[in-house]
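Me: I am new to this structure. Please walk me through how to read its features.

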Amino acid sequence: SVLYPRLDQRLKEVFVKLIGKALGFDPVGDATSAEHFGYNGVRVIDHFFSGIPPERPAAVPHAFVTLASVAAITKKVTLTQTVMAATMRHPFELAQGVSCLDRISNGRAELGLGAGWLVAEHKMNGLALGSPGERVSRLVEVASICRQLFVDSGCIEFLGKFFKVYSDAPWPSTPHVPEIMVGAHGLRLIEKVSPYVDRIDLLESMIDGRPCFVGDHSNDIKNLRNKIEVHYSRAERKTKVSATINLKVIEDNKSLEIAQAELASAANCNVSDIKRDHLRIIENETKVFEKLEALAGIGIDRLHIRPNDEYTKEWLNESVL
């Protein structure tokens, strides 16, 4: 399966930059492999541990340490995070870290931000997750602060509801002003944060530890297009839109039906809801291509793909190469 030769010329021109599975505890090996296979970037997640109860927590490597090691041994890939939690990080640290990465990597770093979501992680470490409204407001402050720090080389005076930030010690120049990406699902977050970002990354919805695919939480093309339109209506600069998708490629029809039914049961929805979704894709190869084309057709220029098994990971590597 080779992705690009099977897509039409228009699609190859506008779509798609691909970033694969998040880097793990062998970041140098993972990043070297990603660059070899032709991925456009590498990414990390930002957690002390990950895993939704009753799953056992899984350790996660430190985001910035991981990316610093990768910056030193790669030449082309974008270095990003999906995403740094505004509830767990001070914005000065975030901007400072990304600026360092940008200098080390000769201009390949960006900042990915999110509102925070893993309840167990916050409770176990004494961190305040806050109400949905507080999380949105905090994230807006973080994005605003980081943008000012990037533009003004570390000099800032800011007093907000959640953060106080002051520095008149300028940073060394960076090869470029790092871009800011925010991962978002809800329209309210997209509306509030769009004026401060360079990219919105569309995410699936999680409710009480389970993905949700019904109603306003559906990631069908109509809902995704509406979110993109809302983002552009609020943006104050030229921006881009990406999407994070969970992908599982299954060619055997019986196995495919079983996998779709299992996800529908876990998400308390119908199989038809799963088949309409474009961010959680369990399909055969033909349907995968159709859904990727549909995402490109609404203006999504980059995918962060989570392969759900080894077969899909190998399929994806072959598709990018």
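**Reading the model**

Reply: Start with Pro211, which counts as buried because its relative accessible area is 12%. Buried means under 20% relative accessible area, exposed over 50%, and partly exposed in between (1.4 Å probe, protein chains only). This is a predicted model: local features need pLDDT of at least 70, side-chain atom pairs count only at pLDDT 80 or more, and totals for chains, interfaces and linings use all residues. Residues are numbered from 1 along each chain as its sequence is written, and side-chain values use heavy atoms, with hydrogens and water left out.

Me: Where does Pro211 lie, and what does Pro211 touch?

Reply: Pro211 lies in strand S13 (residues 210-212). Helices (H or I, at least four residues) and strands (E, at least two) are DSSP runs, numbered from the N terminus. Contact means heavy atoms within 4.5 Å. Not counting residues up to four places away in sequence, Pro211 touches Glu204, Ser205, Met206, Leu263, Ala267 and Arg280. Ala266 is 55 residues from Pro211 in sequence, yet their C-alpha atoms are 8.2 Å apart.

Me: How do I read a nonpolar core, and which residues have the most contacts inside the largest one?

Reply: A nonpolar core is a set of buried Ala, Val, Leu, Ile, Met, Phe, Trp, Tyr and Cys residues joined through side-chain atoms within 4.5 Å. The largest here has 69 residues, and Leu113, Leu202, Ile300 and Leu303 have the most contacts inside it. Helix H6 (residues 132-151) gives the most to this core: nine residues. Take Leu113. Beyond its neighbours within four places in sequence, Leu113 is in contact with ten named residues' worth of partners, including Val83, Leu139, Val142 and Ile180. A second, separate core has ten residues, among them Phe213, Leu256, Ala267 and Cys269.

Me: How many disulfides does a search of the whole structure find?

Reply: A disulfide is a pair of cysteine sulfur atoms within 2.5 Å. The search finds zero. For Cys146, the nearest cysteine sulfur is that of Cys100, 13 Å away. Cys146 counts as buried because its relative accessibility is 0%. For Cys269, the nearest is the sulfur of Cys212, at 7.6 Å. Cys269 is buried too, with a relative accessible area of 14%.

Me: How do I read a pocket, and what lines the second largest one?

Reply: Rolling a probe the size of a water molecule over the atoms shows where empty space is left. On a 1 Å grid over the protein atoms alone, a pocket is an open set of points where a 1.4 Å probe fits, with protein on both sides within 12 Å along at least five of seven lines; lining residues have an atom within 4 Å of a point. The second largest pocket is lined by 18 residues, and Gly20, Lys21, Asp30, Ala34 and Lys313 lie nearest its centre. Helix H2 (27-37), strand S2 (41-44) and helix H12 (310-320) each give two or more residues to this lining. H2 has the largest share, with four.

Me: Which backbone details should I look at, and where is Asn268?

Reply: Look at the peptide bond from Thr82 to Val83, which is cis, with omega near 0°. Val83 lies in the loop between strand S5 (78-81) and strand S6 (84-85). Asn268 is not a glycine, yet its phi is positive, about 55°. Asn268 sits in the loop between helix H9 (253-266) and helix H10 (271-276). Asn268 counts as exposed because its relative accessibility is 60%.
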